[in-house]
Amino acid sequence: MYRNQSIKWMAVLVLGITILQHRAAAQPEFEQAPSESGPEHAQPVVSITKGRELSVSLGPNASPAEKRAAELLIDAVRQRTGIELSTGNPAPGSHALVLGTAQSHPLVRDYLARRNDAGRLSTDGFVVAWEPGEKRWYVAGQSPGGAVAGVGRLLRGIRFEQGRLWLPAARFSDAPAMPIRGIYLWARDPYFKSTNLDRYIEEFALWGGNSLALWFELGMFSSFEDPQAQHWLEAYRRCFETAQRVGMKTTLILVANDAYQSSAKQLRISPIIGCPGHYLCPSKPEGARQLLTWQDQLIKSFSHLDGLIIFPADPGGCSCADCTPWPTEGFWRAAQPLGERFHERFPEADVWVAFWHLHHPTFGGENWQQLVKLLGKHRPAWLTGIQPGMAPHHRFAKVTPAEQQIYADAGLPLSLFPEVSMYRNHGGMLVKKGYWEQMRAEMTRYPAGQMRGGWPYSERWNTDIANVAFLCWFWNPQKTVDAVLDEYASWYFGPSAPEARQLLQLLDDGNRAPDREAKVREVFAKLDRQLPGWVREDWRWKEIATSAARLGAGK
Ligand SMILES: [Zn+2]
């Protein structure tokens with residue numbers, strides 16, 4: 001029984017490593033190192049059974065991100081094997097995992113200098129290399145974030161069992177295709193009341209993510225002084241600190257004409273679809289001044305931000321004559337001073353103008369195209385680029401290939417707002433291979449030279465696989481959905497990965513197999529019997545179990 005599972009698990013690991021090697025093929029040369037493993041193992045691996053056999057070595061100038069990555073690695077090993085890895089200088093004859101950048105760790109610097117091929121690291125790239133003669137793994141990042149992503153990639157190549165871990169005796173390198181690898185978590189109770197949130201943010205960095213976006217919604221509160229507003233602001237600061245600790249950037253999202261509930265009645269909007277009545281009309285001079293005062297107050301309450309996304313609608317908008325059509329009139333009237341002010345406060349930060357929902361007839365039909373062209377022709381100094389929405393099945397928010405061309409023709413940098421939460425939502429983990437593949441294809445239709453990445457919009461925990469998929473695609477837009485699912489199952493299910501992978505396939509919303517429900521029940525029951533404790537305790541298993549229960553499993 002145990003051996004069988006082990007063999008199946010190895011098959012998934014081999015597949016994962018093959019994918020890594022395939023990816024690495026385009027990068028500097030890295031060969032498979034000679035095996036130290038016994039003949040019973042199909043894959044070259046190095047076995048560790050005691051903490052003193054492997055020491056994690058950080059450089060004297062290790063960044064907070066590198067230190068945190070080392071802690072996350074040590075945590076994962078402890079949780080999954082019970083082994084407490086050592087730190088600092090390795091004991092004579094034992095193995096070392098040397099982690100850092102050329103700037104932070106002399107051993108990494110020397111290694112990169114010694115291996116010319118490895119030294120050509122692209123921005124945020126990494127090398128993970130086993131050097132058998134030295135008994136060392138090098139995890140060398142081009143940047144601290146690259147080192148964190150390298151730790152994540154190494155972790156996903158390790159096999160864990162109680163009392164033992166098997167590290168790959170391999171060398172591979174990788175670098176992201178896009179500079180913005182973000183996640184946008186909807187600031188609501190499902191995330192913000194959970195004790196898992198900080199660790200969740202850190203795990204994005206292990207998947208190569210480097211930016212966290214949060215929307216501060218003024219309209220949730222009566223005023224800036226409202227204790228609730230202050231409570232949420234404190235939660236945002238904490239999340240941003242967590243993100244920064246693992247080397248991620250921080251991006252604030254604001255809706256251009258969002259207002260506190262106590263807004264003056266005479267300054268309010270004329271009603272428009274999807275917009276609360278207390279939002280302010282930016283065409284009323286006093287309303288525009290009030291918006292700017294509130295936005296200033298909010299922006300100044302953050303000591304540091306790396307970016308701002310100015311949102312136009314859903315919610316947002318005003319139907320008065322002066323604000324119509326919304327994109328080039330009311331919205332731009334509010335967005336322009338906001339962009340300017342933000343740029344003054346944080347000159348190094350990015351500012352994106354989003355176009356979500358502006359294709360809706362209520363917002364001027366094709367007027368959004370005028371705004372795109374205007375920004376392309378007269379790009380304000382503070383503007384980094386524009387952000388098209390992405391929702392292939394949304395009646396109004398979908399973007400056709402012809403419309404994608406209009407965005408591209410402006411010649412501006414592009415980032416994406418992929419909607420991974422709302423389409424065919426249901427309880428429990430979402431698996432929507434067909435939908436995700438459509439999104440990936442849409443992303444790759446934009447010119448690669450302009451597409452910078454983006455922030456998938458996640459409303460709840462059940463979008464986790466979609467989030468991971470986008471983080472993978474920002475690294476490599478050619479990666480298949482199946483390859484993402486393989487890696488996901490391997491990392492979060494360890495020895496139960498083959499069955500977990502089968503279950504995810506069955507939970508796919510596009511799966512129409514006639515015996516689907518019976519199969520779900522069968523595979524779920526099998527998994528439920530065999531899962532290691534660390535998998536069972538992970539919130540992901542609960543999300544997957546909820547999704548399986550929809551189809552009759554676990555009853
Ligand atoms: Zn108005």
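Axes here are lines fitted to C-alpha atoms, for helices over the stretch in contact, and angles run from 0 to 180 degrees between N-to-C directions. The legends below describe a predicted model.

**Figure 1. Helices α2 and α5 pack side by side in the predicted model.** Their axes lie 8 Å apart and meet at an angle of about 10 degrees. Angles under 35 degrees count as roughly parallel, so α2 is roughly parallel to α5. From α2, the contact takes Ala65, Glu66, Ala69, Leu72, Leu73 and Ala76. From α5, it takes Pro144, Gly145, Ala147, Val148, Val151 and Leu155. By class, 10 of these residues are nonpolar, one is polar and one is charged.

**Figure 2. Domain 1 touches domain 2.** The protein chain is divided into domain 1 (12–174), domain 2 (180–478) and domain 3 (488–549). The C-alpha centres of domain 1 and domain 2 are 36 Å apart. Domain 1 gives 15 residues to the contact, and domain 2 gives 11 residues. On the domain 1 side, α2 (64–81) and α5 (144–155) are the elements that give two or more residues. The largest share of that side, seven residues, comes from α5. By class, the domain 1 side has nine nonpolar, two polar and four charged residues.

**Figure 3. Six strands build an open, mixed sheet.** The strand order is β3-β2-β4-β6-β5-β9. At the edges stand β3 (86–87) and β9 (171–174), each paired on one side only. Strand β5 (residues 126–131) pairs with β9 in the antiparallel sense, over four bridges. Within this pair, Val127 stands opposite Ser173 of β9. Helix α3 (residues 106–114) packs on the sheet and touches β2, β4 and β6 (136–141). The direction of α3 makes about 90 degrees with that of β6.

**Figure 4. Helix α2 lies across two strands.** The strands are β2 (54–58) and β4 (95–101). Against β2, α2 runs at about 165 degrees.

**Figure 5. Three strands form an open antiparallel sheet.** The order is β1-β8-β7. Strands β1 (45–48) and β7 (159–161) stand at the edges with a single partner strand each, so one side of each has no neighbour in the sheet. Neighbouring strands are turned by 15 degrees against each other on average, direction ignored. Four bridges join β1 to the antiparallel strand β8 (residues 164–168). Val45 has Pro168 in β8 as its bridge partner.

**Figure 6. Two cis peptide bonds precede prolines in one loop.** The bond from Asp314 to Pro315 is cis, with omega near 0 degrees. The bond from Thr324 to Pro325 is also cis, with omega near -5 degrees. Pro315 lies in the loop between β13 (307–311) and α10 (327–345). Pro325 lies in the loop between β13 and α10 as well.

**Figure 7. Asp124 has a positive phi.** The value is near 65 degrees, in a residue other than glycine. Asp124 sits in the loop between α4 (116–119) and β5.

**Figure 8. Confidence along the protein chain.** The mean pLDDT is 92, and 92% of residues reach 70 or more. Over residues 1–42, pLDDT stays under 50. For that stretch the model has 72 contacts beyond four places in sequence.

Note on methods
Residues numbered from 1 in each chain as written. Predicted model: local features only at pLDDT ≥ 70, side-chain atom pairs only at ≥ 80, totals over all residues. Pairing = 2+ DSSP bridges. pLDDT = per-residue confidence, 0-100. Contact = placed C-beta atoms within 7 Å. Domains from an automatic or database assignment. Nonpolar A, V, L, I, M, F, W, Y, C, P; charged D, E, K, R; others polar. Parallel < 35°, antiparallel > 145°, perpendicular 65-115°, else oblique.
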